Amino acid sequence: MDYSQSLALVLPEIILSISGLILLLLAAWGGDKGARVISIASAVALGGAFALVAVAVCSGAAGPDTIAFGGQFRADAFAGLAKLMIFAASGAALVVAPRYFERAGDMRAEFPVLVLFAALGMSIMVSAADLMTLYIGLELNSLSAYVLASILRDDERSAEAGLKYFVLGGLASGILLFGMSLTYGFAGTTNFSGIAVAVSDGLSTGQLFGLTFVMAGLAFKISAAPFHMWTPDVYEGAPTPVTMFFASAPKVAAVALLARVSLEAFGTQADAWRQIVIFAALLSIVIGALGAIGQQNVKRLLAYSSINNVGFILIGLAAGTLAGASAMMVYLAIYVVMTIGSFVAVLLMRDANGNQVENISDLAGLSTTRPALAWCLLALMFSLAGIPPLFGFWGKFVVFQAVVEADLLAIAAIGIAASVIGAFYYIKIVKVMFFDEAVDTIKGESDTPHWALLIICAVLISPLGYLLIGPLGNLADRAAASLAVAF
């Protein structure tokens with residue numbers, strides 16, 4: 001084993017690890033007064049890792065040269081593209097968090113350190129080529145996430161969110177670990193390529209149960225139905241910057257990991273896992289759409305929106321082809337931008353005292369009192385609904401194109417019909433902002449970093465985003481092609 005080559009491949013993870021440990025010591029010695037400096041240093045570390053990974057993605061890294069530590073880790077273009085999204089979303093959380101926590105009087109130095117370690121765990125997840133590596137990355141991310149959800153110790157909602165996430169997350173980890181144990185017991189290996197060889201002649205009963213439990217555990221991590229029950233409560237109770245982080249970066253990591261497990265480890269048995277993915281996809285679309293209709297809290301509505309969007313992402317995976325994997329990555333990239341923009345808009349919804357406003361009814365007449373915020377929200381809501389010419393439409397188009405090419409016409413038809421239902425609650429927010437009588441509740445001062453991030457997201461999901469179709473499509477195609485698929 002060439003350790004020098006392996007260490008070179010994991011250099012982004014080494015940077016995050018060393019930076020996290022050093023900043024953890026600074027946080028312990030300096031206390032909360034150094035929180036802003038630690039946030040900046042964490043963002044710089046993420047930027048360094050981003051730059052290193054971008055080189056591998058642009059070069060389309062694939063093949064044996066991307067394998068590290070004897071097949072435990074793969075630094076290919078697929079993992080690289082997912083890491084770019086993860087690092088970008090983590091950086092966005094670090095940008096918006098300081099002002100939010102300073103207003104709450106509870107900016108803690110360990111917040112950026114936890115984000116850094118969570119990003120490290122997710123980076124390991126998407127590069128996992130072995131069940132052991134998978135679990136190490138997953139737990140590193142999860143343990144950081146549990147603390148992030150409950151970081152506001154004096155807030156009952158935050159404490160409740162952290163507790164619910166911890167209990168249900170522990171249950172999901174147990175289910176996943178049980179599935180991994182079954183897979184190892186009946187396949188004789190934990191390595192994805194070894195599992196692919198073991199199941200190439202068909203799945204035994206034990207291997208089928210192992211696959212089912214692994215898929216169920218990962219479905220929890222992406223909040224896919226019927227394992228979505230934690231999402232609305234945790235998203236509502238956690239601090240808004242944390243909710244934005246949960247809805248973007250971990251989602252990318254878990255979906256990319258699910259794709260790698262499905263296409264690499266069980267690629268030859270696509271008919272077995274495709275049924276599970278299709279069931280979860282359609283159920284997520286329907287539950288996400290119907291569950292959001294009656295919501296009055298905008299964060300809970302965005303939680304159900306997240307569940308709904310996961311369904312569309314899984315439709316791309318259900319195709320079971322490299323085109324489907326590419327479409328899934330395109331949708332993920334667009335989804336991350338839309339999600340960050342939506343939650344930044346929520347952060348700008350504050351009353352005259354600087355308190356967070358979360359009720360949809362308080363958006364009434366926003367187009368007359370805060371027109372810039374209202375128009376940005378309109379673009380984000382229409383993009384999430386997949387209404388052309390906004391860029392969100394392209395994400396849905398490519399995943400449906402992939403399943404049609406895979407001769408899954410019925411799935412495409414059901415998904416398109418269900419997306420019409422989902423458009424209702426997005427349009428409801430637009431109706432409240434532009435057609436209801438103004439209540440003039442939102443009067444909070446504007447934050448320059450928040451506005452800058454919101455404008456960037458609004459531009460990217462506008463029709464100008466279609467200029468990125470070529471570059472984004474090429475990156476997604478290279479990423480999909482780098483997968484060591486077993487079929």
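**Group meeting talk: spaces inside a helical chain**

Let me start with the record. UniProt, in an unreviewed entry, lists residues 128-422 as "domain: NADH:quinone oxidoreductase/Mrp antiporter transmembrane". What we have on screen is a predicted model. Over residues 128-422, the chain is 77% helix and 0% strand. The C-alpha atoms at the two ends of that stretch sit 34 Å apart.

Now, the empty space. How do we look for it? Rolling a probe the size of a water molecule over the atoms shows where empty space is left.

Pockets next. The largest pocket has a volume of about 570 Å³. Its lining is made up of 23 residues. Nearest the centre of the pocket are M85, A88, A333, V337 and L460. Which elements give two or more residues to this lining? They are α4 (77-104), α14, α19 and α20 (469-481). Helix α4 gives the most, with 7 residues. And the chemistry? The lining of the largest pocket has 22 nonpolar residues, 1 polar residue and no charged ones.

Stay with α19 for a moment. This helix covers residues 448-461, and C457 lies in it. Is C457 buried or exposed? C457 counts as buried, because its relative accessibility is 5% and the cut-off is under 20%. What does C457 touch, beyond residues up to four places away in sequence? The answer is V337, I340 and G341. Remember V337: that residue is also one of those nearest the centre of the largest pocket. Now take C457 and V344. They are 113 residues apart in sequence. In space, C-alpha to C-alpha, they are 9.4 Å apart.

On to cavities. How many are there of 30 Å³ or more? A search of the whole structure finds 4. I will show you two.

The largest cavity first. About 100 Å³ of space lies in it. Its lining consists of M125, L138, N141, S142, Y165, K221, W230, Y235, F246, P250 and K251. Two elements give two or more residues each to that lining: α6 (131-149) and α11 (240-265). By class, the lining of the largest cavity has 7 nonpolar, 2 polar and 2 charged residues.

Now the second largest cavity. This one holds about 50 Å³ of space. Around it are A247, L302, S305, S306, Y335, T339, S342, F343 and L384. Helices α13 (298-318) and α14 (322-347) each supply at least two residues of this lining. Which gives the largest share? That is α14, with 4 residues. So far we have met α14 at the largest pocket and now at the second largest cavity. What classes of residue line this cavity? There are 5 nonpolar and 4 polar residues, and no charged ones.

One last residue: R274. You will find R274 in helix α12, residues 270-293. Is this arginine buried or exposed? R274 counts as buried, since its relative accessibility is 17% and buried means under 20%. What is R274 in contact with, leaving aside neighbours within four places in sequence? Those contacts are A318, A319, G320 and L408.

To recap. The largest pocket has no charged residues in its lining. The lining of the largest cavity has 2. The lining of the second largest cavity has none. And two residues to find on the model are C457 in α19 and R274 in α12. Thanks, that is my slot.

Conventions:
Residues are numbered from 1 along each chain as its sequence is written. This is a predicted model: local features need pLDDT of at least 70, side-chain atom pairs count only at pLDDT 80 or more; totals for chains, interfaces and linings use all residues. Side-chain values use heavy atoms; hydrogens and water are left out. On a 1 Å grid over the protein atoms alone, a cavity is a set of points where a 1.4 Å probe fits but cannot get out, and a pocket is an open set with protein on both sides within 12 Å along at least five of seven lines; lining residues have an atom within 4 Å of a point. Grid points are joined across faces, edges and corners, and a volume is the space filled by probe spheres set on the points. Ala, Val, Leu, Ile, Met, Phe, Trp, Tyr, Cys and Pro count as nonpolar, Asp, Glu, Lys and Arg as charged, and the others, Gly among them, as polar. Buried means under 20% relative accessible area, exposed over 50%, partly exposed in between (1.4 Å probe, protein chains only). Contact means heavy atoms within 4.5 Å. UniProt positions are given in the numbering used here, feature names are shortened, and annotations may be inferred rather than shown by experiment.
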